[in-house]
Amino acid sequence: MAALKVFPLACVVQQYAWGKVGSNSMVARLLASSNPLVTISEDTPYAELWMGTHPRGDAKIIDRRVSQKTLGQWITENQDCLGSKVKDTFKGQLPFLFKVLSVETALSIQAHPNKELAEKLHLQSPEHYPDANHKPEMTIALTSFQGLCGFRPIEEIVTFLNMAAGNNMEDICGELLLELHQQYPGDIGCFAIYFLNLLTLQPGEAMFLEANVPHAYLKGDCVECMACSDNTVRAGLTPKFIDVPTLCEMLNYTPSPSKDRLFPPTRSLEDPYLSIYDPPVPDFTVLKMEVPGSVTEYKVSPLDSASILLLVQGTVTVRTLTSQAPLPLQCGGVLFIGANENVWLKLSVPKDLLIFRACCLL
């Protein structure tokens, strides 16, 4: 029998305190929808769903025909599934970590080092910087999603500072300031809203967070893809370690208007349902597929890269050239697809599909 190269995954949920609680969390709803044995705990935060091979969240393979228990183990023993370029460039590792985030309270204001600085920090302080990799990130909104990203134009910062003595709370984002102060009492990071661009992404809109750009997620649900790293230099809105000298030295202080922080996708010329979010880093690309319910079957294009597919909306059965029987995939289902594999999705009901797929297009 040919080796299986397409199979479903059970992914790790991180229950960080800042996550949305219970059924309010899209992470929880996707988890419960994809697995009928899961019961949502209504007083538990469901912050992140990790889809990948990170040591703190290596996805489990839920196909009994596969002997390896986790995706990381399987890739180690099936290197060709990565694709020849990916295997050689990233030394046999899956280069990205794919996530869903459900944010109720603000995450820390932070920036991520470039590769050169990451190597230096890891050497100096491995307890704070656990690996030598960079951590570019891309965020795509699933619901209305609020975040801070990059320094505002100087004139906007000056205007805020001049108005700060006034009494009109609306003019100075007063409601947001009080909300952050309530979440992090006395934290000077609350005032970052006057220095950093405040963005509200609508579903499908994205921002790309390259090295050295200060940012913070404030509220909402999103899909996130990043290089596989844990390196974070924090600036505020956190009780965790803040490395002020490193932060001041590394930050990109170039001001830009908020509209310049948006990262629009390109539309595929071959596939009318496909949008491509292709950031200027080699580690990852995210594909979004919006397939109307009138389509009976949709072909997922083969790529010279391993990929992870997330079904956010809809119900399908999965067919491959080597599958013995169709595989049902519910909303919230996650599928690993080896390099150069052909996959067809047959719509179980005539309802629109929303699919995200992380890959590495070298």
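## What surrounds helix H1, and what lies beyond

Strands E2 (12–14), E3 (48–51), E5, E11 (215–227) and E17 (307–313) are among the elements that cover the buried residues of helix H1. Keep in mind as you look around that this is a predicted model.

Which residues of H1 are buried? In this helix, which spans residues 26–34, they are Met26, Val27, Ala28, Leu30 and Leu31. At the helix start, a side-chain oxygen of Ser25 comes to within 3.1 Å of the backbone nitrogen of Val27.

Now zoom out to the nonpolar cores. The largest one has 48 residues, and those touching the most other members are Leu9, Met51, Phe98, Ile308, Phe336 and Phe356. H1 gives the most to this core, with 5 residues. Apart from this core lies another, of 26 residues, including Leu121, Leu180, Met250 and Leu251. As a general rule, nonpolar side chains tend to be buried together in soluble globular proteins.

Phe356 is a good place to start exploring. Leaving aside neighbours within four places in sequence, Phe356 is in contact with Phe98, Ile140, Leu142, Val223, Val286, Leu287, Lys288, Ile308, Leu309, Leu310 and Val312.

Next, a lysine. Is Lys99 buried or exposed? Lys99 counts as buried because its relative accessibility is 6%. This residue lies in strand E5, residues 96–103. What does the side chain of Lys99 make a polar contact with? Its partner is the side chain of Glu48, at 3.1 Å. Beyond its neighbours within four places in sequence, Lys99 is also in contact with Leu49, Trp50, Met51, Cys222, Val223, Glu224 and Met226.

Let's turn to a sheet. This one is open and has 8 strands, in the order E4-E1-E20-E17-E22-E15-E14-E13, with antiparallel pairing. Strands E4 (60–61) and E13 (266–267) stand at the edges with a single partner strand each, so one side of each has no neighbour in the sheet. E4 and E1 (residues 6–10) run antiparallel and are joined by 2 bridges. If you want to find where they meet, look for Ala10, which stands opposite Lys60 in E4.

There is also a UniProt record to compare with. An unreviewed entry there places the feature "domain: Phosphomannose isomerase type I C-terminal" at residues 276–318. Over that stretch the chain is 0% helix and 53% strand, with the end C-alpha atoms 22 Å apart.

What about backbone angles? Most residues other than glycine have a negative phi. Two residues here go the other way: Lys91 has a positive phi near 55°, and Leu237 has a positive phi of about 55°. Lys91 lies in the loop between helix H3 (84–89) and E5, while Leu237 lies in the loop between strand E12 (233–236) and helix H7 (244–250). Their surroundings contrast: Lys91 counts as exposed because its relative accessibility is 76%, whereas Leu237 is buried, with a relative accessible area of 1%.

Finally, the cysteines. How many disulfides are there? The count comes to 0. Two cysteines show why, since a disulfide needs sulfur atoms within 2.5 Å, and the closest cysteine sulfurs to theirs are too far for a bond:

| Cysteine | Closest cysteine sulfur | Distance between sulfurs |
|---|---|---|
| Cys225 | Cys359 | 8.3 Å |
| Cys331 | Cys11 | 14 Å |

Cys225 counts as buried too, at 1% relative accessibility.

Terms used. Residues numbered from 1 in each chain as written. Predicted model: local features only at pLDDT ≥ 70, side-chain atom pairs only at ≥ 80, totals over all residues. Heavy atoms only, no water. Helix = DSSP H or I, 4+ residues; strand = E, 2+ residues; numbered from the N terminus. Buried < 20%, exposed > 50% of the residue type's maximum accessible area, 1.4 Å probe, protein only. Polar contact = N/O pair within 3.5 Å; in protein donor to acceptor, adjacent residues only side chain to side chain. Contact = heavy atoms within 4.5 Å. UniProt positions renumbered as here; feature names shortened; annotations may be inferred. Pairing = 2+ DSSP bridges. Core = buried A, V, L, I, M, F, W, Y, C linked by side-chain atoms within 4.5 Å.
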